[in-house]
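Please open the model in your viewer and keep the selection tool at hand. The tour below goes from stop to stop, saying what to select and what is there.

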Amino acid sequence: MFDLKITKASYLRDLAKEHEASSHPFLQNPTLNARQAINVLFNYDAHASLLRRLLLNAAGKMPEPAVGFILENVRNEYGNGNYDGCHQGQLQDLMQKLKRIEPGFKAQRVSDGVRQYMRTVVDYYDPQSDRGTRDFYLPAVIAGAISATEIMAIDEFSSLHQSFHAFNLENHIWFDHVTVEAEHCDEALCLAEYFLCKNDHKKAVEYGFKGVLDANCHLYNGLMESTSF
Ligand SMILES: [Fe+2]
Ligand SMILES: [Fe+2]
């Protein structure tokens, strides 16, 4: 945890709640059978694998005092020093447990919506000055992007957690994300706070924030789409 108090950045939580991504049906505990759940996890993994790398890359793009606001988040993803505990491994373990319910079933493919998300989100996690970012300070754009992801992840995991009660898998370690994401969210808002207090990077933070919320609509469409394969 950081000493930095979240005051200027806390309004971002409200902005996220008002955005259409927050009322998407995927966040309303969708009812899933085992095949649908396997496809959802397969698609979740595709987007999370990209995000993990984008987050790692983002740390290197921060000014020195802001790097620390990303490190814990990345370290969690890679298992906190023990790769056996990495989050991708947790997800794959959960998938294996579902496959016991549906032996022989293979996840189908990455949906169009998830692909669209993956194409779009890069513009905010790895913005380039010549691609519509005007004169925004790019690390502040990235801070907005990360904040949007981590705020929305809280809702994603609480929704999936509810859906997985149907398989008695709600206590699986992957659902520790329900609490982990609250910590990531605080960390991301500290990062945003840093840029909101330094100079006037509010528009840049909001550009990244809104860009990722819009992209998340594609993500949730894509995750829903994967339940119809
Ligand atoms: Fe994770
Ligand atoms: Fe996270």
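In which loop is Asn80 found? Select Asn80 in this predicted model, and you will see that this residue sits in the loop between H3 and H4. Its phi is near 55°, which is a positive value in a residue other than glycine. Asn80 counts as exposed, because it has 11 C-beta neighbours inside 10 Å, and the cut-off for that class is 12 or fewer.

A second loop residue is worth selecting alongside. Asn29 lies in the loop between H1 and H2, and its phi is near 50°, again a positive value in a residue other than glycine. With 16 other C-beta atoms within 10 Å, Asn29 is partly exposed.

**The whole chain**

Now deselect the residues and display the protein chain as a cartoon. The chain contains eight helices and zero strands, so that, read from the N terminus on, its elements run α-α-α-α-α-α-α-α. The radius of gyration is 17 Å, close to the 17 Å that the globule rule gives for 229 residues, and the chain is therefore as compact as a globular protein of that length. If you align the view with the principal axes, the C-alpha atoms fill a box of roughly 55 × 35 × 25 Å. Buried residues account for 39% of the 229 residues, and, of the contacts with a separation of 6 or more, 83% join residues 24 or more positions apart.

**Helix H4**

Select H4 next, and look at its length before its faces. This helix has 15 residues and reaches 22 Å from its first C-alpha to its last, close to the 21 Å expected at 1.5 Å a residue. Its buried residues are Leu91, Leu94 and Leu98; seen down the axis of H4, they fall within an arc of 60°, so they line one face of the helix. These buried residues pack against H2, whereas Asp93, Gln96 and Arg100 are exposed on the other side of H4.

Stay with Arg100 for a moment, since this residue of helix H4 can be checked by its neighbour count. It counts as exposed because it has 9 C-beta neighbours inside 10 Å. A distance label from Arg100 to Ala34 should read 9.4 Å between C-alpha atoms, although the two residues are 66 residues apart in sequence.

**Helix H5**

Move on to helix H5, residues 112-125. At 1.5 Å a residue, its 14 residues should span 20 Å, and the C-alpha atoms at its ends are 20 Å apart, which agrees. Colour Gly113, Val114, Tyr117, Met118, Val121, Tyr124 and Tyr125, which are buried in H5. What do the buried residues of H5 pack against? Their partners are helix H2 (34-59), helix H6 (138-163) and helix H8 (202-225).

**The nonpolar core**

A general tendency helps to introduce the next stop: in soluble globular proteins, nonpolar side chains tend to be buried together. Here, the largest nonpolar core has 58 residues, and those with the most contacts inside it are Ala145, Leu191 and Ala192. At least two residues of this core come from each of helix H1 (11-18), H2, helix H3 (64-77), helix H4 (87-101), H5, H6, helix H7 (177-197) and H8. Centre the view on Ala192 and show its surroundings: leaving aside residues up to four places away in sequence, Ala192 touches Ala9, Leu12, Ala143, Gly144, Ser147 and Val205.

**Two last residues**

Select Pro139, which is found in helix H6. Is Pro139 buried or exposed? It is buried, because 22 other C-beta atoms lie within 10 Å, where the cut-off is 20 or more. Not counting residues up to four places away in sequence, Pro139 touches Lys61, Met62, Pro63 and Ala66. A further label can be drawn to Phe195, which is 56 residues away along the chain, with 8.4 Å between the two C-alpha atoms.

Finish at Glu72 in helix H3, which counts as partly exposed, with 15 C-beta neighbours inside 10 Å. From there, draw a label to His184: the C-alpha atoms of Glu72 and His184 are 8.0 Å apart in space, while the residues are 112 residues apart in sequence.

Note on methods
Residues are numbered from 1 along each chain as its sequence is written. Chains are lettered from A and ligands numbered from 1 in the order in which they are written. This is a predicted model: local features need pLDDT of at least 70, side-chain atom pairs count only at pLDDT 80 or more; totals for chains, interfaces and linings use all residues. Helices (H or I, at least four residues) and strands (E, at least two) are DSSP runs, numbered from the N terminus. The expected span of a helix is 1.5 Å times one less than its number of residues. Two residues are in contact if their C-beta atoms, placed from the backbone, lie within 7 Å. A nonpolar core is a set of buried Ala, Val, Leu, Ile, Met, Phe, Trp, Tyr and Cys residues joined through C-beta atoms within 7 Å. The radius of gyration is taken over C-alpha atoms; the globule rule is 2.2 Å times the number of residues to the power 0.38. The arc is that of the directions from the helix axis to the C-beta atoms.
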